[in-house]
Amino acid sequence: SIYEMFGNECCLSTGEVIKVIGFKINKLIASICENNEVSQLSAKVELPLNFPGLYKVVADKTPYLSIEEITRKVSIGPTRFGHPCFYSPEDIKLSNLTIKHGEQITFNSVEEVNGMMAVNCGVVRNNQSHSFTLPLSQEGKFYECEDDQIYTLKEIAEWKIPKCRNRIVKLSNTLHMWDSSNPLPENFDGCLILTPVYEVQAVMKFRKDIVHILSDLDVEVKDITDCYDISSFLQPLSLEDVFERTSKEFPMVAEIMEGPSGSQKPYNLFNTGKEIIIYKKYQATRVLASEIRSDSPKRHFLIPVSYKGKFKRRPREFPTAYDLEIARSEKEQLHVVATKAFDTPHEELFSVSVGDQFLVQQCQTSEVLYEGRKKVIDVLACEQILSDTYKKVLLPMYMEGGFVEVIHDKKQYQLSEICKEFRLPFNVKVSVRDLSVEEDVLAAVPGLQFEEEITDSYLLIGSTSSSVESWEIPVYRLNMSVHLLSKDVQMVVPPPTKTTVEEISEEQYYMVRRYENQTLHPPPRPPKKPT
C-alpha cells in the first residue's frame, strides 16, 4: 500500500513491522447543533485544528460507568488541561472520606497504589483541598462537570474529546472577522457537534521520522506486540515529554524526528535529523505586549526581560476615574487631559469639560446630597491645572469619562527598568532597536502596551555541531518531536544563551492571559452611581 500525506510518500510493504506510538486527531467534522442533536438543515463542514476561534466545552450528558472507562477514554495527565472533573449522583463511601452526590471530583493522575491501578483525585470543601484515590474497579455513574474555561480547537482535539465519543462545543469568541472562506454561517454563535477524524502515529524500523497514517487507510495489519522486541524501535518524545523528565537527567543529546514549522530563527535551525543538546529545563519570565491600535487584529508578543532595545513612554488612556486611581503611583504625579465631558449630578463634585487638565492626587470619600439624603461615596481628589493656578476638585470614582496621560518623562528605558519601576499596563514605543539581533520585530511597531509579566516553561537547546550559542525554546507553543541518543554530552556548560521576541497568535494570546490570570484575583469593579 502506497499513500502520500503532508507531501511525503510512504510505502507499507507486506511484512513491514510498524510500532504504533499514538493516535491523534487529524481534523474535525463539524455539524451545527440544535437541542444536542445535529440540525437537519446543517451541512457537515471540515475544520482544521488551527481553525480560529475560542470555544466552551458542553458537558457530555452520557455517564461513564466506571473509573476504568474514564481512564481509558478521557485524557488525564500532568499538564494544565489534563485534570477533568466529574460528579456522581450517588454518595461514594471511602475508608476515610465520603464523596457527596453532586460533588465535583478532580482527576489528577493515574498511578499504581498498593499493587492496584488507581486515580489520584481531589475535592475542595470550604477552600480546603482533600486528596484521595479511586480504584479503576470503582463502578457507578460518573457525569462530566460543566467547564467554564475556553479552548482553541487544537486544545479540544488533544484533551477534551473522549475516545469513541463526539463533543459539543459553543463558540465563545471568533477572534477574526467573518469572510466567504469561513465554512460556518456568518454571525454564527451557536453550538457545534465535533466528530474527530483520527490518524495513527507510528515509527518504522529503518526510518528516523514519525509516520502519519490516516485511520481510513485500507490495509490489513496483525498485532505482534507479544512476540517482537519493541525496544529496537525509536521512542519519540514531545517537548512536553522532555520537560516532564527530572532535572538530574539533563543535559541530554537528542535527534529531531519532527522539526517545528516556520522560517523564524531559531526554529529554522532545528531540522529533522539534526542532533541537539538539551541542557536544562526551567521557568523564565516574559513580558506580554500588544500592539497599540484602534482596529483589529492586533499583534501580540512575548518579550524576554533580556531584550537589549530601549523604549520611550507613550501616553496611556483611561476610560474612568477609577482607572486613574489604579494607575496612580508614588513615584510620579499622574497628569491627564480630559477627552470626554462629564456633568456631575452632585453640586459637591466637579463637572468635566473636554480639554480640562488634572494632576491626580488620591482616593478619598465625600458626602453628597442625593435625592434629599446625604450619602458617602468614593471620589478622586485632583488638582485642575488653570492658566496661572491650581484648583482642588473632586471627581466621582464611578465617572465614565475619558482621559489621556501627558508625558513629561523623555528618558529611554530598558525593559527590566520598566518592570521594576512602573506598574503595568504601560505604553511605550521602541526608541533604540535591539542591535544584537538581525531583525528586531518590535522596532517596526508604532506603539506597544506592556500588559503583564508571565512565567512560562522553556528548554535550553543547542547544536552538537556548534558551540557558538544556545536557544530558549517554549515547551507548550512549539510542535517538535525528538528521540534521545545514548551519547555523552561533551559540553555540560551551555554556550551563551540567545533569547528571541516571540510573536504569538491571537489564540495563544488569550491562552497565555487565561492561564496567568487563573492565579490572580480580579481587581475590584469600579463603584456604581449611588442608588
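A cavity is here a set of grid points where a 1.4 Å probe fits but cannot get out, and the volume assigned to such a cavity is the space filled by probe spheres set on the points. In the predicted model examined here, a search of the whole structure finds 1 cavity of 30 Å³ or more, and the volume of the largest cavity comes to about 50 Å³. Its lining is made up of Tyr267, Arg286, Tyr458, Glu472, Pro474, Thr499, Thr500 and Glu502. By residue class, the lining of the largest cavity divides into 3 nonpolar, 2 polar and 3 charged residues.

The sheet arrangement was examined next. Strands of a sheet pair through backbone hydrogen bonds, which may be either parallel or antiparallel in arrangement. An open sheet of 6 strands follows the order S23-S28-S24-S25-S26-S27, and its pairing is antiparallel. Strand S23 (317-320) and strand S27 (390-396) form the edges of this sheet, each of them pairing on one side only. On average, and with direction ignored, neighbouring strands of the sheet are turned by 40° against each other. Between strand S26 (residues 373-385) and the edge strand S27, which run antiparallel, there are 7 bridges; within this pairing, Ala381 has Leu394 of S27 as its bridge partner.

Aromatic contacts were also surveyed, and the search of the whole structure returns 10 aromatic pairs. One of these joins Tyr87 and Tyr143 in a stacked arrangement, with 5.6 Å from centre to centre and 20° between the planes. Because Tyr87 belongs to strand S8 (residues 85-87) and Tyr143 to strand S14 (residues 139-144), this pair ties together parts that are 56 residues apart in sequence. Tyr87 has a relative accessible area of 29% and is therefore classed as partly exposed, a class that lies between the cut-offs of 20% for buried and 50% for exposed residues. Another aromatic pair, formed by Phe350 and Phe358, is edge-to-face, with a centre-to-centre distance of 6.0 Å and an angle of 80° between the planes, and both Phe350 and Phe358 are buried. Ring pairs additionally link Tyr64, Phe86 and Phe107 into a cluster.

Several backbone features were found in loops. The peptide bond from Phe250 to Pro251 is cis, with omega near -5°, and Pro251 is placed in the loop between helix H3 (239-243) and strand S19 (252-258). A cis peptide bond is likewise present from Leu424 to Pro425, with omega near 5°; here Pro425 lies in the loop that runs between helix H5 (415-421) and strand S29 (426-432).

Positive phi values were noted for Asn126 and Cys164, neither of which is a glycine. For Asn126, phi is about 50°, and this residue is found in the loop between strand S12 (116-125) and strand S13 (128-135). Asn126 counts as exposed because its relative accessibility is 75%. For Cys164, phi is about 70°, and the residue is located in the loop between helix H2 (153-160) and strand S15 (167-173). With a relative accessible area of 75%, Cys164 is exposed.

Conventions. Residues are numbered from 1 along each chain as its sequence is written. This is a predicted model: local features need pLDDT of at least 70, side-chain atom pairs count only at pLDDT 80 or more; totals for chains, interfaces and linings use all residues. Side-chain values use heavy atoms; hydrogens and water are left out. On a 1 Å grid over the protein atoms alone, a cavity is a set of points where a 1.4 Å probe fits but cannot get out, and a pocket is an open set with protein on both sides within 12 Å along at least five of seven lines; lining residues have an atom within 4 Å of a point. Ala, Val, Leu, Ile, Met, Phe, Trp, Tyr, Cys and Pro count as nonpolar, Asp, Glu, Lys and Arg as charged, and the others, Gly among them, as polar. Helices (H or I, at least four residues) and strands (E, at least two) are DSSP runs, numbered from the N terminus. Buried means under 20% relative accessible area, exposed over 50%, partly exposed in between (1.4 Å probe, protein chains only). Two strands pair if DSSP finds at least two bridges between them. Axes are lines fitted to C-alpha atoms, for helices over the stretch in contact, and angles run from 0 to 180 degrees between N-to-C directions. Rings of Phe, Tyr and Trp (its six-membered ring) pair if their centres lie within 6.5 Å; planes under 30 degrees apart count as stacked, over 60 as edge-to-face and the rest as tilted.
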